[in-house]
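Work through the exercises below with the sequence and the model side by side, and try each task before reading its solution.

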Amino acid sequence: MLISNARPWGGAPSDILIEGAKITSIAAHDPQRIPEPTDVDGRGRILIPSFSDVHVHLDSTRIGLPFREHTGRPGVWGMMSNDRENWRDAEIPLPERVAGTLERMIARGTTRVRSFAQVDVDSKLEKYEAVVAAKEKFSNEAEVQIIIFPQAGILREPCTEKYLEDALKAGADAMGGIDPCALDRDPVRHLDTVFGLAEKYQVDIDVHLHEPGALAVFSTELIAERTRALGMQGRVNLSHAYELGSINEATSRRLIETFADLDISLTSVAPSTSSHLPLVDLVQAGVRFGLGEDGQRDYWSPYGNCDLLDRTWQLAFVNGFRKDELIEHALAVATMGGASIMDRAVPRLASVADRPGVSAGDRADLVLVDGESISSTVMDRGTDRTVIHDGRVVADGLKVLSVETAY
């Protein structure tokens with residue numbers, strides 16, 4: 001397949017040859033070339049790597065359903081309880097909601113997905129199995145990894161650990177954790193369980209960290225200690241970690257150095273807070289950093305629309321990025337930054353000027369999108385998109401091509 005007249009990362013018009021699942025060559029666009037039936041007409045659009053949503057909760061989605069009154073209560077437990085009270089009563093069954101949400105994400109350019117699936121005494125494996133079904137349905141259109149997530153904690157309710165282990169036996173890709181101090185109020189036992197199950201089943205770890213300030217730093221230090229002691233460098237991710245930059249500059253610098261040394265990655269949903277660690281400092285130090293949409297218009301929040309380009313705009317906005325280089329960096333985070341978390345063989349972003357993913361030898365996971373420049377693409381978030389996964393066109397015009405509509 002040849003993509004003709006496309007602009008890799010907003011550069012000069014080029015013809016991009018794809019063989020199998022790889023980009024094999026990039027040459028200056030030849031306007032005299034006679035098109036082949038398998039060619040894709042770039043029409044001068046910008047070519048970027050496909051999006052990597054590395055923090056999404058497919059299992060709690062209400063995408064495609066009517067808006068409802070937000071009934072969540074403050075705090076993690078209050079919001080989780082609201083979800084428990086309502087998720088079974090949605091207008092269509094959970095598997096259809098999950099599949100429909102994943103389909104919309106693919107149609108908008110996301111072909112790499114890291115989704116949480118809540119496992120607890122309420123849902124048992126029902127939510128996990130719904131995400132597995134969607135992953136299988138769209139196995140040719142996207143790569144999906146599933147993190148089992150003890151949203152209600154691990155220690156508060158008997159039998160939670162049993163269900164978590166059942167999901168790992170069934171093939172989950174990663175073990176989740178959440179607020180070791182604030183929710184379970186026993187960080188040692190919580191993290192012993194998280195790391196113990198991850199080590200037993202040889203899976204990665206992803207810990208939600210909503211805890212404030214010094215408490216978040218304490219939990220992070222415990223996580224780093226276990227990562228080093230168990231040799232799990234490159235297998236641990238912290239999600240959210242809103243408050244890690246709130247103590248002082250010396251603490252922030254020490255944490256960033258620890259993350260780089262242990263290859264502990266971070267994922268963000270671009271929250272409206274100034275207490276997080278500085279994104280530019282993290283990437284310049286060599287810390288892997290990815291972006292996600294979190295919940296998708298669910299029982300936690302009315303936000304989320306399956307479009308990671310929208311969330312890229314938000315990442316740039318909340319970080320105060322105005323320079324083109326930094327806005328382009330936000331897009332690099334949303335694409336290859338997340339890809340490097342899903343597959344640690346993918347190099348981390350080398351600097352804020354690094355624009356990987358669209359060169360000869362790279363995997364052909366790509367998006368053609370309209371825009372004058374990368375900055376204008378992020379600002380305007382156009383809908384003229386063609387999505388390529390593993391060297392195949394899988395979506396065009398915001399529609400997935402090779403499967404029936406999920407709902």
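**Exercise 1.** How many residues does helix α1 have, and what does it reach from its first C-alpha to its last?

Solution. This is a predicted model, in which local features need pLDDT of at least 70, side-chain atom pairs count only at pLDDT 80 or more, and totals for chains, interfaces and linings use all residues. Residues are numbered from 1 along each chain as its sequence is written, and side-chain values use heavy atoms, with hydrogens and water left out. Helices are DSSP runs (H or I, at least four residues), as strands are (E, at least two), numbered from the N terminus. Helix α1, residues 75–86, has twelve residues and reaches 17 Å, close to the 16 Å expected at 1.5 Å a residue, where the expected span is 1.5 Å times one less than the number of residues.

**Exercise 2.** Decide whether α1 is mostly covered or not, and find what covers its buried residues.

Solution. Buried means under 20% relative accessible area, exposed over 50%, and partly exposed in between (1.4 Å probe, protein chains only). Nine of the twelve residues of α1 are buried, so the helix is mostly covered; among them are Val76, Met79 and Arg84. The cover includes β7 (110–118), α3 (126–137) and β9 (174–178), by contact, meaning heavy atoms within 4.5 Å.

**Exercise 3.** Determine whether Cys181 and Cys306 are buried or exposed, and count the disulfides.

Solution. Cys181 counts as buried because its relative accessibility is 11%, and Cys306 counts as buried at 1%. With a disulfide taken as a pair of cysteine sulfur atoms within 2.5 Å, the count comes to zero.
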